[in-house]
Amino acid sequence: VFDNLNRSSIAIQSIYEKKLATGLTNDERRRVLDYCDAYRKFMASDEVLSFGHQVRYPGSNILYAIYGRLKRKWSVVFDELVPGEKDYFLFLPNKRDNYRQLLLTPQFSDNAVLVEKISCSIPNNTLLVVKDHPHSSRGALDYRFIKTVRALPNCLYVDPRGHTTDELIANARGVITVASTAIIDALVHMKPVLSFGQSPYLVNVDPLPVFNASSLENLPELFKQMSQTNDQVERIEVFLYPFLS
């Protein structure tokens, strides 16, 4: 498995470098855009959005599931997001104690610390909207993280069952995440992505299709750079193409 992944990564880097230099043909670009359109339709489908699909428990955990959902209902207050009212960046955190976050980016594994630093680094007159991980719908919540988010004046903690990720990404100025497949969700919308730590999917292409934060100190500068320019969109299209190849 490792050898296959390694060969795929080398091939992806090679195609990316070549296509970044020459540009995609009309047919190649259409292939990427068709994929992005199909991906967005799939992620917005009833099957994917159904509560039963996102929330599954083995029988032995049924009592924990009930307790978690009741505790969530009684103790979590959500903020309202009015579409189009104000520009916002979207933060899609991993679930608490996520193994990818702990292993790949241990220095960015505390979501409460991250959201505090992000909130004071985003441009003035913008909001930070936080949509928690789907697991939070069944009560798997980090209450310290939620308390931190709700105490920040420019942050909104929205109900993950009341807003689809696709909808929130489509209306955001940019997306922020850590070691998550949400990177692809944002890239298919051609949105600027701020990723903490590891390169996306361990494919070390240069220049990266995402804005990569190696430390918390350079966040304000990275947010100034994040924009949906033609060059950035082209880089994302070229990055997605090798995966389809």
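Helices and strands here are DSSP runs, numbered from the N terminus, with at least four residues for a helix and at least two for a strand. Keep that in mind for names like H10 and S5, because the loop between H10 and S5 is where Met190 lies. We'll get to Met190 at the end of the tour.

**Before you click anything**

What you have open is a predicted model. Show the whole chain as a cartoon: its secondary structure comes to twelve helices and six strands. Now colour by burial, if your viewer can do that. Of the 245 residues in the chain, 46% are buried. Contacts reach far along the sequence, too: among those with a separation of 6 or more, 72% are between residues 24 or more positions apart.

**Stop 1: H2 against H12**

Select residues 26-43 for helix H2 and residues 230-244 for helix H12. At what angle do they pack? It's about 85°, and the axes are 9 Å apart. Angles from 65 to 115 degrees count as roughly perpendicular, and H2 and H12 are therefore roughly perpendicular to each other.

Turn on side chains where the two helices meet. On the H2 side, pick Glu28, Arg29, Arg31, Val32, Leu33, Tyr35 and Cys36; on the H12 side, pick Glu237, Leu240, Tyr241 and Leu244. Sorted by class, this contact has seven nonpolar and four charged residues, and no polar ones.

**Stop 2: a residue in H12**

Stay on H12 and select Gln232, which has its place in this helix. Is Gln232 buried or exposed? Its relative accessible area is 5%, so Gln232 is buried. Leaving aside residues up to four places away in sequence, Gln232 touches Pro209, Phe211 and Ser227.

**Stop 3: aromatic rings**

How many aromatic pairs does a search of the whole structure find? Seven. Let's visit two of them.

Start with Phe108 and Phe196. Their rings are 5.0 Å apart centre to centre, with 55° between the planes, which makes this a tilted pair. Phe108 sits in the loop between helix H6 (99-104) and helix H7 (111-119), while Phe196 belongs to strand S5 (residues 193-196), so the pair ties together parts that are 88 residues apart in sequence. Switch on a surface and check both residues: Phe108 is buried at a relative accessible area of 3%, and Phe196 is buried too, at 0%.

Next, centre on Phe239 and Phe243. The ring centres are 5.2 Å apart and the planes are at 70°, so this pair is edge-to-face. Phe239 and Phe243 are four residues apart in helix H12, separated by about one helical turn. What about their exposure? Phe239 is buried, at 0% relative accessibility, whereas Phe243 is partly exposed at 38%. Now add Tyr16 to your selection: Tyr16, Phe239 and Phe243 form one aromatic cluster.

**Stop 4: H7 beside H8**

Select H7 together with helix H8 (residues 143-151); they pack at an angle of about 15°, with axes 8 Å apart. Angles under 35 degrees count as roughly parallel, and H7 and H8 are therefore roughly parallel to each other. Their crossing is right-handed.

Which residues make the contact? From H7 come Asn111, Ala112, Val113, Val115 and Glu116, and from H8 come Arg144, Phe145, Thr148 and Val149. By class, the contact of H7 with H8 divides into five nonpolar, two polar and two charged residues.

**Stop 5: Ala182**

Jump to helix H10 (residues 182-187), where you'll find Ala182. Ala182 is buried, at 7% relative accessibility. Not counting residues up to four places away in sequence, Ala182 touches Leu92 and Thr177. Try your distance tool on Ala182 and Thr165: C-alpha to C-alpha they are 8.9 Å apart in space, and 17 residues apart in sequence.

**Last stop: two positive phi values**

Most residues other than glycine have a negative phi. Here are two residues to look at with that in mind.

Select Asn125, in the loop between H7 and strand S2 (127-131). Asn125 is not a glycine, yet it has a positive phi of about 65°. Asn125 is exposed, with a relative accessible area of 63%.

Finish with Met190, back in the loop between H10 and S5. Met190 has a positive phi as well, near 60°. Met190 is buried, at 10% relative accessibility.

Methods
Residues are numbered from 1 along each chain as its sequence is written. This is a predicted model: local features need pLDDT of at least 70, side-chain atom pairs count only at pLDDT 80 or more; totals for chains, interfaces and linings use all residues. Side-chain values use heavy atoms; hydrogens and water are left out. Axes are lines fitted to C-alpha atoms, for helices over the stretch in contact, and angles run from 0 to 180 degrees between N-to-C directions. Angles under 35 degrees count as roughly parallel, over 145 as roughly antiparallel, 65 to 115 as roughly perpendicular and the rest as oblique. Contact means heavy atoms within 4.5 Å. Ala, Val, Leu, Ile, Met, Phe, Trp, Tyr, Cys and Pro count as nonpolar, Asp, Glu, Lys and Arg as charged, and the others, Gly among them, as polar. Rings of Phe, Tyr and Trp (its six-membered ring) pair if their centres lie within 6.5 Å; planes under 30 degrees apart count as stacked, over 60 as edge-to-face and the rest as tilted. Buried means under 20% relative accessible area, exposed over 50%, partly exposed in between (1.4 Å probe, protein chains only). A crossing is left-handed if the near helix is turned anticlockwise from the far one by less than a right angle, and right-handed if clockwise.
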